[in-house]
Amino acid sequence: MYQLYIKRQIITIDGGSYTPDIFRSKGIPAFALKSDFHYSLYLFLKEWFSRSPLIRVQTSGSTGIPKEMMVEKERMMRSAELTCSFLGLKEGNKALLCMSLDYIAGKMMVVRALIAGLDLYPVTPSGNPLRDTKVTFGFAAMIPMQVYNSLDSDKERKKLEKIKNLIIGGGAIDSRLEEKLKFFPNNVYSTYGMTETLSHIALRRLNGESVSGSYIPFPSVALSLSDDNTLIIDAPLVTSEKLYTNDIAEIDEDGSFRITGRKDNVINSGGIKIQIEEVEKLLKPLINSSFAVTSLPDPKFGEALILAVEEDVDPEIFKDIQPAYYIPKKIIKVDKIPLTETGKISRVELKKLVSEL
């Protein structure tokens, strides 16, 4: 569908178009001097337009140590085509780039701009990417924190509502955030994917008549479950092998699916397996500050359920929680819940932090 753009390989940035030769020369284009983030975009494009068919990407590190991978540019372009086709993105549409180019989400925004001929507007990643923008965007990708912060400002909220196609990824979307987006006039989607799938392979509509609690995979993607009910992804356009994830899922007859937790986020306390995400969902209405659930070794239970929270909470608020084993065995106050650069809870750093405290 987008072969014209693949062959041409012209990138448009802040209204100016640039050919591959510019990034293969020794000179630095003017846009690269606008900010450090613009310069990082220049470095990515320099690598993209190199003769190598591969490019480096890095995992987010939410469940472990970040690792570097080499992936095929051709597969990244195929992934971009899937998104551009689904959303109906067209040449000249203005696209907001406000996610770090260290990770796949930011890199894929650039590749989508290449594929569909989008006009890319880089904004240094922050919690409020729309604060100083003066452009109405046809497409943007954000993490939940950026969307949440934008809703706190009337000015930024109006800008958010004007983004024709908004995709939100990089972490779970809180039910309260979903409720705030439910009646937005634009197209808002939650994404499901990972570095290994070169961004998302499924979308879930958060508003409008097609609002859903389930993700709809792209037509070229086949899904199944392992014996442990973890999701197996067969996406031949973006990866050569089946991916065996740690995401516990439920697949409906129509092929849509829901993620209920992660296999590596299970706490075995006294022989009872507790899914961290289920506990956090249950505690969410009771706690006003940022928090996360983890575990520590326990001589009696093997593992004890631990609540890390940024502000003091009264243990009495948990007394009526059912089942009772969802009640934290200990509450530990922390200065800050550790997050990855993509806004996810860093489970490894969290466990290390509460161990030290």
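## A tour from Ile11 to the three-stranded sheet

Select Ile11 to begin: leaving aside residues up to four places away in sequence, Ile11 touches Gly16, Ser17, Tyr18, Phe23, Leu45, Phe49, Val110, Ala113 and Leu114. Keep in mind as you look around that this is a predicted model. Ile11 belongs to strand 1, which covers residues 11–13. Is Ile11 buried or exposed? With a relative accessibility of 0%, Ile11 counts as buried, because buried means under 20%. Now add Val111 to your selection: Ile11 and Val111 are 100 residues apart along the chain, yet their C-alpha atoms are separated by 9.0 Å.

**Next stop: two helices**

Select residues 36–48 for helix 3 and residues 104–116 for helix 5; the two pack at an angle of about 65°, and their axes are 11 Å apart. Their crossing is right-handed. Which residues meet here? Show the side chains of Leu41, Phe44, Leu45 and Trp48 in helix 3, which meet Lys107, Val110, Val111 and Leu114 in helix 5. Sorted by class, this contact has seven nonpolar residues, one charged residue and no polar ones. You may recognise some names: Leu45, Val110 and Leu114 are among the residues that Ile11 touches.

**Then a loop**

Jump to Asn186, in the loop between helix 8 (175–181) and strand 9 (187–194). Asn186 has a relative accessible area of 5%, so this residue is buried. What does Asn186 touch? Not counting residues up to four places away in sequence, its contacts are Leu160, Glu161, Ile163, Lys164, Arg205 and Asn207. Zoom in on Leu160: its backbone oxygen lies 2.9 Å from a polar atom of the Asn186 side chain.

**Last stop: an open sheet**

Finally, select strands 18, 19 and 20, which form an open sheet in the order 18-19-20 with mixed pairing. Strand 18 (291–298) and strand 20 (330–333) are at the edges; each has a single partner strand, so one side of each has no neighbour in the sheet. Ignoring direction, neighbouring strands of this sheet are turned by 35° against each other on average.

Colour strand 19 (residues 302–309) and follow its pairing with strand 20, which is parallel and runs over four bridges. Along this pair, Val309 stands opposite Lys333 in strand 20.

Which helices should you add? Helix 10 (residues 347–356) packs on the sheet and touches strand 18, strand 19 and strand 20, with its direction at about 60° to that of strand 18. Helix 9 (residues 276–283) lies across strand 18 and strand 19, and runs at about 130° to strand 18.

Notes
Residues numbered from 1 in each chain as written. Predicted model: local features only at pLDDT ≥ 70, side-chain atom pairs only at ≥ 80, totals over all residues. Heavy atoms only, no water. Pairing = 2+ DSSP bridges. Axes fitted to C-alpha atoms, helices over the stretch in contact; angles between N-to-C directions. Contact = heavy atoms within 4.5 Å. Buried < 20%, exposed > 50% of the residue type's maximum accessible area, 1.4 Å probe, protein only. Polar contact = N/O pair within 3.5 Å; in protein donor to acceptor, adjacent residues only side chain to side chain. Left-handed = near helix turned anticlockwise from the far one by under 90°. Nonpolar A, V, L, I, M, F, W, Y, C, P; charged D, E, K, R; others polar.
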